[in-house]
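Student: I should like a close look at a single part of this molecule, namely its interior. Please begin with individual side chains there and work outward to the surface.

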Amino acid sequence: QVQLVESGGGLVQPGGSLRLSCAASGTISSINVMGWYRQAPGKQRELVASISSGGTNYGDSVKGRFTVSRDNAKNTVYLQMNNLDPEDTAVYYCNTKTWALSWSDYWGQGTQVTVSS
């Protein structure tokens, strides 16, 4: 019922910046949480950032460097990533949790972010 498509990933040098976008389509309740998770090789998937009507939430490792925002009219969530470090290298996944008769959880296919010199 909901499709999420990420874009904006790629190769960037340490200290550089990238902006990820996630466009959502389908039936999405106005009561929802959208966010970003990431998974590096050999590591568990971890929360990067999320945003809802209640505010924003960030993982400790990205606080002060990443900013999450959204455009409700476009059903799009963004992740501005600054001062990137090689440890940020991972596949980044868009996620939404939405209330539609019950809570539903959806994931995008992911976009690769590689930070390397």
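Tutor: The account below starts from one residue, follows its contacts into the interior, and ends at the surface.

The model is a predicted one, and a convenient starting point is Glu6, in strand β1, which spans residues 2–7. Is Glu6 buried or exposed? Its relative accessibility is 11%, and because the limit for a buried residue is under 20%, Glu6 counts as buried.

What, then, does the side chain of Glu6 reach? It comes to 3.1 Å from the backbone nitrogen of Gly110. The backbone nitrogen of Gln109 also lies 3.2 Å from a polar atom of the Glu6 side chain. The wider surroundings of Glu6, leaving aside neighbours within four places in sequence, comprise Ser21, Cys22, Trp36, Tyr92, Tyr93, Cys94, Gly108, Gln109, Gly110 and Thr111. As one example of how the fold brings remote segments together, the C-alpha atoms of Glu6 and Asn95 are 10.0 Å apart, with these positions 89 residues apart along the chain.

Two of the residues touched by Glu6, Trp36 and Tyr92, lead directly to the nonpolar core. In general, nonpolar side chains of soluble globular proteins tend to be buried together. Here the largest nonpolar core has 27 residues, and the members that touch the most others are Trp36, Leu79, Met81 and Tyr92. At least two core residues come from each of β1, β3 (18–26), β4 (32–39), β5 (46–52), β7, β8, β9 and β11 (111–115). Strand β3 gives the largest share, four residues.

Tyr92 deserves separate mention. Not counting residues within four places in sequence, its contacts include the core residues Trp36, Leu79 and Met81. Glu6 and Arg38 are also among the contacts of Tyr92, as are Gly110, Thr111 and Val113. Tyr92 thus touches both Glu6 and Gly110, and the Glu6 side chain reaches the backbone nitrogen of that glycine.

A second polar residue of the interior is Thr96, in strand β9, residues 90–100. With a relative accessible area of 1%, Thr96 is buried. One polar atom of the Thr96 side chain lies 3.2 Å from the backbone oxygen of Val33. Beyond four places in sequence, Thr96 touches Val2, Leu4, Asn32, Val33, Met34, Ser104, Asp105 and Tyr106.

Arg38, already met as a contact of Tyr92, leads to the charged pairs. Side chains of opposite charge can pair when their charged atoms come close. Five salt bridges are found in the whole structure. In one of them Arg38 pairs with Glu46, the closest N and O atoms being 2.7 Å apart. The two partners differ in accessibility: Arg38 is buried at 6%, whereas Glu46 is partly exposed at 29%.

Another salt bridge joins Asp88 to Arg65, at 2.8 Å from N to O. Asp88 belongs to the loop between β8 (76–81) and β9, and Arg65 to the loop between β6 (55–58) and β7 (66–71), so this pair ties together parts that are 23 residues apart in sequence. Both Asp88 and Arg65 are buried. Through salt bridges that share partners, Arg38, Glu46, Arg65 and Asp88 form one network. By contrast, the salt bridge of Asp60 with Lys63, at 3.2 Å between the closest N and O atoms, is made by two exposed residues.

The loops on either side of β8 each hold a residue of note. In general, most residues other than glycine have a negative phi. Asn75, in the loop between β7 and β8, has a positive phi of about 50°. Asn83, in the loop between β8 and β9, likewise has a positive phi, near 50°. Both count as partly exposed, Asn75 at 30% relative accessibility and Asn83 at 48%.

At the surface, finally, not every nonpolar side chain is covered. Ile31, Trp99 and Trp103 make a nonpolar surface patch of about 350 Å². Of these, Trp103 is in strand β10, residues 102–107.

How values were computed
Residues numbered from 1 in each chain as written. Predicted model: local features only at pLDDT ≥ 70, side-chain atom pairs only at ≥ 80, totals over all residues. Heavy atoms only, no water. Patch = residues over 30% accessible without salt bridge, like charges linked within 9 Å, V, L, I, M, F, W, Y side chains within 5 Å. Areas by Shrake-Rupley, 256 points an atom, 1.4 Å probe, with all protein chains shown as cover. Salt bridge = Lys/Arg side-chain N within 4 Å of Asp/Glu carboxyl O. Buried < 20%, exposed > 50% of the residue type's maximum accessible area, 1.4 Å probe, protein only. Contact = heavy atoms within 4.5 Å. Polar contact = N/O pair within 3.5 Å; in protein donor to acceptor, adjacent residues only side chain to side chain. Core = buried A, V, L, I, M, F, W, Y, C linked by side-chain atoms within 4.5 Å.
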